[in-house]
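Reader: I'm new to protein structures and I'd like to learn how to read one. Could you walk me through it?

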Amino acid sequence: MTCVIDFLNVGFGEAAVVRVEDGQRSICLVVDAGDLNCDKHARRCSLGQYIREYGINKIDALILTHFHKDHIGGVHEVLGRVPIGEILLHVPLPAHLSNSRLNDHSTPILASLSLYISILRQAEELGIPVRQISEPFVLSGLAAEFRLLMPNQAKLQRLQAELESLDVEALNLQEERLTRIDRLLNDTALAVLIRYDNEHAALLTSDVGLDFWDPYKPEIENIFLLQAPHHGDSRNISRALLHTVSPQVIVVSADDEGTYQLPHPEFEAVVQEHSEARIYYTEEAGSTHRIIRMDLNERTIHLIN
């Protein structure tokens, strides 16, 4: 049996593909899809490129941790081009938004919302099941288990209330509400804990903050690989988190252009002070790899061009 987690260099954004193969049986699970047009750079690998290059003939489950465009922009590249068993999400849109024709890319948050509306509409047209989860949820198959960790319910309710109150006919008058939605998307993202062969293997953290982990501390001990929260944001990593997870490897999904001033220079200092983990960047100055691959059987890391 083979099992790998591939972290794609999508520039500033996140996309991870988990593939488990056992003879004629296989599972492909995708966590986020990167941003739009990331394949314009030769050393980057969009989700669509990956699907084509590796001959993926089905995505069994596509998990959207939240709907910032650097996490969902690449979904359009695969919708209708490869079968998708189901899409899993935890932030449904109120009817007045999902039924709108919003297509405004003038700001990052409006672009994110426009993309999300479009993705959900296209999934419905294609007959792709969309599963809304409201509590921690487990997907399993072959020797792998994927536990979706939910955010704080009070924060999630605040996000839902802001979305309910958003008037698509007067967006220019709602800058403060849009800013709150933008911030709440990170605060209410999902995390994914991957177990393989009954052992903790990887923790995919999306953009979650430090307070996210309070209910999950017993579940996140001694994990081989930690995906750095929020693209190497030093405010989202701590001594306590590093000591709990005790990672041997940390993967930072970011570009080398300093988008949003991330990753923070202080991030490495915090990791080095409180951990012996090796740090890998999906993209950094001078790097040529397009994929960071974790082999779950061997517990090894490989840089793939």
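Reader: Let's start with strands. In which sense do strand β11 and β12 pair?

Author: Keep in mind that this is a predicted model. Strand β11, residues 225-227, and β12 pair in the parallel sense, over three bridges. To see one spot in that pairing, find L225, which stands opposite V249 in β12.

Reader: Which strands run antiparallel, and how many bridges join them?

Author: Look at β9 (residues 191-196) and β10 (residues 199-204): they run antiparallel, and five bridges join them. Pick out I194 and you'll find that its bridge partner in β10 is A202.

Reader: What is the order of the strands in the open sheet?

Author: Seven strands form it, in the order β7-β8-β9-β10-β11-β12-β13, and the pairing is mixed. The edge strands are β7 (137-141) and β13, each of which pairs on one side only. As you step across the sheet, the twist averages 20° from one strand to the next.

Reader: Which way do the residues of β12 point?

Author: V249 and V251 point one way, while I250 and V252 point the other way, and all are buried. There's a helix to find here too: α8 (residues 265-274) lies across β12 (249-252) and β13, running at about 155° to β13.

Reader: What about F146, is that residue buried or exposed?

Author: The cut-off for buried is under 20% relative accessible area. F146 has 3%, so it is buried. You'll find F146 in strand β8, residues 144-149. Leaving aside neighbours within four places in sequence, F146 is in contact with V18, L29, F137, V138, L139, V192, L193 and I194. You've met I194 already, as the bridge partner of A202. For a sense of distance, the C-alpha atoms of F146 and P94, 52 residues apart along the chain, are separated by 28 Å.

Reader: Now helices. How are two packed helices described?

Author: By the angle between their axes and the distance between the axes. Try it on α5 (residues 153-165) and α6 (residues 175-187): they pack at an angle of about 150°, with axes 10 Å apart. The crossing of α5 past α6 is left-handed.

Reader: Which residues make the contact?

Author: On α5 they are K155, R158, L159, E162, L163 and S165, and on α6 they are R177, R180, I181, L184, L185 and D187. Sorted by kind, the residues of this contact divide into five nonpolar, one polar and six charged.

Reader: Let's look at loops. Where is R290 found?

Author: R290 is in the loop between β13 (278-281) and β14 (291-295). Don't assume that being in a loop settles the burial question; check the number. R290 has a relative accessibility of 11%, so R290 counts as buried. Not counting neighbours within four places in sequence, R290 is in contact with F7, L8, N9, A42, R43, R44, C45, Q49, E53, I304 and N305.

Reader: And how does E284 count?

Author: E284 has its place in the loop between β13 and β14. Its relative accessibility is 36%, so E284 counts as partly exposed. If you skip residues up to four places away in sequence, E284 touches R43 and D256. R43 is also one of the contacts of R290. The C-alpha atoms of E284 and S253 are separated by 9.8 Å, although these residues are 31 apart along the chain.

Reader: What can the backbone angles show me? For instance, what is phi of N222?

Author: Phi of N222 is near 55°, a positive value in a residue other than glycine. N222 sits in the loop between β10 and β11, and at 55% relative accessibility it counts as exposed. Q261 is another one to look up: its phi is near 60°, also positive in a residue other than glycine. Q261 lies in the loop between β12 and α8 and is exposed, with a relative accessible area of 59%.

Reader: Which peptide bond is cis?

Author: The one from L262 to P263, with omega near -5°. P263 is found in the loop between β12 and α8.

Reader: Last one: what does UniProt list for residues 28-96?

Author: The record, an unreviewed entry, gives "domain: Metallo-beta-lactamase" for them. Over residues 28-96 the chain is 19% helix and 14% strand, and the end C-alpha atoms are 34 Å apart.

Conventions. Residues are numbered from 1 along each chain as its sequence is written. This is a predicted model: local features need pLDDT of at least 70, side-chain atom pairs count only at pLDDT 80 or more; totals for chains, interfaces and linings use all residues. Side-chain values use heavy atoms; hydrogens and water are left out. UniProt positions are given in the numbering used here, feature names are shortened, and annotations may be inferred rather than shown by experiment. Helices (H or I, at least four residues) and strands (E, at least two) are DSSP runs, numbered from the N terminus. Buried means under 20% relative accessible area, exposed over 50%, partly exposed in between (1.4 Å probe, protein chains only). Contact means heavy atoms within 4.5 Å. Axes are lines fitted to C-alpha atoms, for helices over the stretch in contact, and angles run from 0 to 180 degrees between N-to-C directions. A crossing is left-handed if the near helix is turned anticlockwise from the far one by less than a right angle, and right-handed if clockwise. Ala, Val, Leu, Ile, Met, Phe, Trp, Tyr, Cys and Pro count as nonpolar, Asp, Glu, Lys and Arg as charged, and the others, Gly among them, as polar. Two strands pair if DSSP finds at least two bridges between them.
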